[in-house]
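Below are some comments on the model, set out as numbered points. They concern one helix pair and one sheet.

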Amino acid sequence: MKDKHHHHVDYDAEFINPSKDVVKQALIKDYDKIYKRSVEDREGFWAEEAKKLTWFKKWDKVLDDSKKPFYKWFTGGKFNIIANAIDRHLKNWRRNKLAIIWEGEPGDVKTMSYHALNREVSKFANVLKSMGVHKGEVVTIYMPQIPELPIAMLACAKIGAIHSVIYGGFSAEALAGRIEDAKSRTLITADGGFRRGNITDLKGIANEAMRRSATIEVCIVVKRTAQDVHMQGDRDFWYHDLMALPIANPKCETEVMDAEDPLFILYTSGTTGKPKGLMHSHGGYAVYTSTTHKYVFDIKDEDRWWCAADPGWITGHSYLVYSPLINGATLMMYEGAPNHPYPNRWWSMVEKYGITILYTSPTAIRGLMRFGESWPNRHDLTSLRLLGSVGEPINPEAWKWYHRVIGGGKCPIMDTWWQTETGGFVITPLPITALKPGSATKPFFGHEVAIVDEQGNQVADGEEGKLVLQAPWPGMARSIWGDPDRFKETYWKDYEKQGWYKAGDAARKDKDGYFWIIGRIDDVIKVSGYRLGTAEIESALITHYAVSESAVVGLPHEIKGNAIHCYVILRAGMTGNKALEEELKEHVSRELGPIAKPEHIEFVDSLPKTRSGKIMRRVLKARALGQDVGDISTLEE
């Protein structure tokens with residue numbers, strides 16, 4: 001088995017070329033030709049892709065750019081993402097195809113055909129309606145990775161409600177703030193979930209969040225772990241009780257929506273403390289995610305697709321829930337940790353379910369790589385034909401390990417760069433692309449991408465600059481929920497006269513036109529592929545009685561990519577010690593969630609600031625890494 005699986009690859013070669021087999025079955029055979037057409041006739045390209053979906057009424061106009069940067073796509077079109085993710089598959093043989101294979105951390109398994117998924121989604125859609133949920137209102141979802149999470153998302157979309165999924169690792173404070181911002185009156189949660197053998201207390205956290213934000217009138221709770229939880233009589237209802245009532249009718253019409261109607265909001269960290277609710281719409285998002293998914297991962301009917309992301313992040317929305325279902329794929333979902341109870345958990349599931357494509361983060365790969373090759377080598381991974389990476393740039397060492405050990409040297413790695421704001425892949429290889437470990441390679445169809453300086457001039461090949469997207473695309477976020485000015489300010493103001501979107505990432509382009517992403521420019525840290533704002537962490541620290549001021553930076557970490565380091569000035573009369581450091585770490589973890597727990601806290605007497613009082617985090621970072629601190633002429637001292 002070993003030898004059949006492993007192909008010899010020369011990792012020192014400049015390019016790693018795909019095998020003849022991969023090229024032979026690829027949906028896209030000629031990147032350059034299609035790319036050229038897609039930027040010369042952008043609207044024609046996207047209209048052609050949109051025609052492959054089901055519309056209640058065709059659009060009048062492909063792109064409306066009359067109110068830049070608030071672009072609209074497929075205006076006048078009547079559409080619902082559910083008509084494409086579920087309804088159209090019921091009319092052919094796919095109704096009997098597996099839509100979802102789910103495994104819980106304790107080992108329980110559930111599978112659902114498209115027919116069964118439709119029944120559950122329709123029943124829950126009717127439950128939501130009976131609870132007064134109507135078109136255009138925001139429903140907050142705070143759940144573990146269980147099938148009821150995608151079912152809740154799909155049921156909201158079906159009736160035209162807007163979902164706001166909050167990652168199940170966030171704290172009561174973070175959840176309350178997001179409920180408040182969206183003025184949500186309905187919350188869908190669970191009693192708990194399983195993580196590394198422990199039960200997370202989701203209902204307890206939800207109760208605390210509802211105490212802090214008074215807008216929630218109805219809370220629907222899925223029974224997952226069956227521990228005792230507090231249920232408030234007139235507000236909290238068990239999911240299984242509601243689904244057993246006559247109101248949960250398995251027939252429900254899919255609401256006819258406008259292509260530009262909001263589908264969901266998703267909160268992401270910014271440079272200021274308040275998270276931004278990025279809003280995506282039904283039409284453009286469906287066209288964009290399904291097209292990127294189909295071509296980049298070469299989706300075939302016999303594929304079993306596993307996107308190992310949590311639905312609480314954009315990767316889970318776009319590539320765990322929506323695009324695989326629109327493309328009629330079979331998707332895999334797993335509730336727990338990749339190394340529980342042993343480091344072969346993922347590899348045993350690849351073998352057990354015959355997974356053909358695995359899409360995950362560099363953090364997960366580095367975490368599993370630590371345990372060596374004997375764990376994956378005990379499993380037959382020959383079902384895999386493509387691998388993917390998302391969330392942060394992947395270091396070449398991890399890339400090579402993933403390619404050689406998991407892919408047997410024969411599975412190309414689709415290293416995708418994109419953001420919550422973009423809705424789907426922007427810079428990415430295709431299966432036919434010659435790869436360079438660590439590079440996201442080239443722009444997806446319809447995109448013009450440049451690396452520029454502050455003024456907008458292109459920098460020389462090999463030089464670092466700011467990544468900008470020079471043309472609109474259907475999957476772009478339409479605005480920030482309730483704050484259009486902040487949307488303009490954050491993404492469009494810097495290159496307003498050119499009309500470009502600023503990604504907030506530093507990158508360089510090499511002589512072959514391949515893009516290399518370096519990382520965030522702004523005060524946002526990528527930890528395990530998740531964006532955390534330094535401002536959010538600093539605000540959490542400040543709420544502790546001992547802290548008078550703080551600055552937070554991300555420093556390289558061999559597993560997480562970055563780890564959070566905090567510099568803290570204490571209030572007069574307080575002294576910093578190990579116990580206080582632990583207390584502050586726990587405090588941040590409680591305020592924001594375990595994902596934000598600092599790696600290290602250093603007590604300092606002063607912080608480097610500009611004359612206008614802005615903390616210079618890059619100076620702290622350079623000092624910590626022993627690098628040249630660069631130009632500090634604006635420094636106060």
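**Notes on a helix pair and a sheet**

1. In this predicted model, α8 crosses α9 in a right-handed sense. The contact draws on Ala172, Glu173, Leu175, Ala176, Ile179 and Glu180 from α8. From α9 it takes Ile205, Ala206, Glu208, Ala209 and Arg212.

2. By residue class, the contact between α8 and α9 holds seven nonpolar and four charged residues, and no polar ones. Glu173 and Glu180 of α8 belong to the contact, as do Glu208 and Arg212 of α9.

3. How are the two helices placed relative to each other? Helix α8 spans residues 172–182 and helix α9 spans residues 202–212; their axes lie 8 Å apart, at an angle of about 50°. Angles under 35 degrees would count as roughly parallel and 65 to 115 as roughly perpendicular, and α8 and α9 are therefore oblique to each other.

4. Further along the chain there is an open sheet of four strands, paired antiparallel in the order β21-β22-β24-β25. The edge positions belong to β21 (449–452) and β25 (515–520); each has a single partner strand, so one side of each lacks a neighbour in the sheet. From one strand to the next, the twist averages 45°.

5. Which strand is joined to β25, and by how many bridges? Strand β24, residues 501–509, runs antiparallel to β25 and is joined to it by five bridges. One bridge pairs Asp505 with Arg520 of β25.

How values were computed. Residues are numbered from 1 along each chain as its sequence is written. This is a predicted model: local features need pLDDT of at least 70, side-chain atom pairs count only at pLDDT 80 or more; totals for chains, interfaces and linings use all residues. Side-chain values use heavy atoms; hydrogens and water are left out. Axes are lines fitted to C-alpha atoms, for helices over the stretch in contact, and angles run from 0 to 180 degrees between N-to-C directions. Angles under 35 degrees count as roughly parallel, over 145 as roughly antiparallel, 65 to 115 as roughly perpendicular and the rest as oblique. A crossing is left-handed if the near helix is turned anticlockwise from the far one by less than a right angle, and right-handed if clockwise. Contact means heavy atoms within 4.5 Å. Ala, Val, Leu, Ile, Met, Phe, Trp, Tyr, Cys and Pro count as nonpolar, Asp, Glu, Lys and Arg as charged, and the others, Gly among them, as polar. Two strands pair if DSSP finds at least two bridges between them.
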